Amino acid sequence: LKSPMLLQTLALLQLPLAAVSLAVSAAAATDPRHAPLLAWLERWGTELGPVTLGKSSVGAGYGAFASRDVTEGELLFSVPSTACVGLYDACGDADVGEALARLVVKGQGGATVALAGLLAKEWLCAGESGPRGPYLAMLPWDAAWPPEAEQEQEHCLWWSEAQVDALEGSPAYSDAVGIRDEVALAAKVIKSLIGASVRRAYKERGEPPWAVWRADDDIERAVRGAFVSILTRSFTQEDGGDEEKRLVPLLDMLQHAAEPNVRHVQVSDGAAEGGGGAEGGGRQRVVVTARRPIAAGEELLNSYDGGELEPATFLTRFGFVPGRGVGEFVDSIREQDKGRLPFGFRIG
């Protein structure tokens, strides 16, 4: 009988070099979602260099690390545009694409609502088994997801009213209230657009009647999770002269640093016009390279804001404050505003 380790080794010997790199990275990962994610990225034509995934050493959750010494300018990974999730995907959805496209045309945040609608629909209808399932499973759908691994994402969209009220006296308070109100309104719109698709999917996979009846509650939770992903993980990219927010798999796993050690650019990969799907490739790729030499085992770090955001804005958008714990930041607000009483009253 062959041992599992021997079988794994023999299987690796039969794979091309790129696949071996992905398999080794998957073996080193500590989250059960990583191996399916890396296999999915490979199918979509992602080029993966000396990168492995694991528990972050600088932030909450997981991150990416150099698996060996990396030279300045060396390719770390590149992700085809077809593996990214953006407005093209939302507006092209077979069930609700036309309705989502009408939101985009209206403006006033319609593009973000459309993207959130697509994410929520795909997750609720197909989950991890959908065409983007392994990637969607990595997103922070709620404060308790995933059940079998650490997620550790903080965000004001998941906070209680009391937690939001604790921000009063800081610009973060009005930001948090505004974001929560906008997402609550967006959830109502999205329910009307994807509700039928979600309930149909529930029935087709044999969900009990009460689960179908509660579909609107599921949509509301999924929309909040989708907005958390868009606020904390999306990148603004140019496409045909227009800017749009996209989710870029793998790049969105990198933790923040004021002085990043990676850089990312969007470049043409020379693929055929109109490519799509796992075999077609894409006209654009997001290429991530080393900004400086990176030692083996060092975490790959990106800059989320270019040093432009105030701590309060950083908290409400990304769910953390660089260099400080959320609790510490909230305590500092209370210390600066000792005259505040409950219900908006003040001393003095």
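T289 lies in strand 9 of this predicted model, and this residue is a convenient place to start reading the structure. T289 counts as buried because its relative accessibility is 16%, under the 20% that marks the limit for burial. Leaving aside residues up to four places away in sequence, T289 touches G73, E74, L75 and L76, and also N261, V262 and R263. Among these contacts, L75 and L76 point the reader towards strand 4, which spans residues 75–80.

Strand 4 is mostly covered, with 5 of its 6 residues buried. Strand 4 and strand 9, the latter made of residues 284–290, run antiparallel and are joined by 5 bridges. Within this pairing, S78 stands opposite V287 of strand 9. Strand 4 also pairs with strand 1, a short entry covering residues 47–48, again in the antiparallel sense and over 2 bridges. Here L48 has F77 of strand 4 as its bridge partner.

These pairings belong to an open sheet of 4 strands in the order 1-4-9-8, with antiparallel pairing. Its edges are strand 1 and strand 8 (262–268), each of which pairs on one side only. Strand 8 is joined to strand 9 by 7 bridges, and the two run antiparallel. In this pairing S268 stands opposite Q284 of strand 9. As general background, the strands of a sheet pair through backbone hydrogen bonds, in either a parallel or an antiparallel manner.

Turning to the interior, the largest nonpolar core has 84 residues. L76, F77, L119 and L300 are the residues with the most contacts inside this core. Helix 9, running over residues 171–204, gives the most to the core, with 10 residues. In soluble globular proteins, nonpolar side chains tend to be buried together. The surroundings of L119 can be listed in full: beyond four places in sequence, L119 touches V85, L136, L139, W141, A226, I230 and L247.

W141, one of the contacts of L119, leads on to the aromatic residues. A search of the whole structure finds 7 aromatic pairs. The rings of W123 and W141 have their centres 5.2 Å apart and their planes at 5°, so this pair is stacked. W123 lies in helix 6 (residues 110–126), while W141 lies in the loop between helix 7 (133–136) and helix 8 (161–165), so the pair ties together parts that are 18 residues apart in sequence. W141 is buried, with a relative accessible area of 4%, and W123 counts as buried at 13% relative accessibility. The rings of W40 and W44 have their centres 6.0 Å apart and their planes at 45°, so that pair is tilted. Both W40 and W44 are buried.

Ring pairs also link Y304, F314, F318 and F320 into a cluster. F314 and F318 are among the buried residues of helix 13 (residues 311–318), together with A312, L315 and T316. Just after helix 13, G319 takes a positive phi of about 85°.

For the protein taken as a whole, the model has 14 helices and 10 strands. Buried residues make up 47% of the 348 residues. The exposed area is about 17300 Å², of which carbon and sulfur atoms supply 54%. Among contacts with a separation of 6 or more, 67% are accounted for by residues 24 or more positions apart.

A word on confidence is useful for anyone planning to work from these coordinates. The average pLDDT is 83, and 78% of the residues score at least 70. Over residues 1–29, pLDDT stays under 50, and the model has 23 contacts beyond four places in sequence for this stretch. Residues 343–348 also have pLDDT under 50 throughout, with 9 contacts beyond four places in sequence. Where pLDDT is low, the predicted coordinates should not be read in detail.

Terms used:
Residues numbered from 1 in each chain as written. Predicted model: local features only at pLDDT ≥ 70, side-chain atom pairs only at ≥ 80, totals over all residues. Heavy atoms only, no water. Buried < 20%, exposed > 50% of the residue type's maximum accessible area, 1.4 Å probe, protein only. Pairing = 2+ DSSP bridges. Contact = heavy atoms within 4.5 Å. Areas by Shrake-Rupley, 256 points an atom, 1.4 Å probe, with all protein chains shown as cover. Core = buried A, V, L, I, M, F, W, Y, C linked by side-chain atoms within 4.5 Å. pLDDT = per-residue confidence, 0-100. Phe/Tyr/Trp six-rings, centres within 6.5 Å; stacked < 30°, edge-to-face > 60°.
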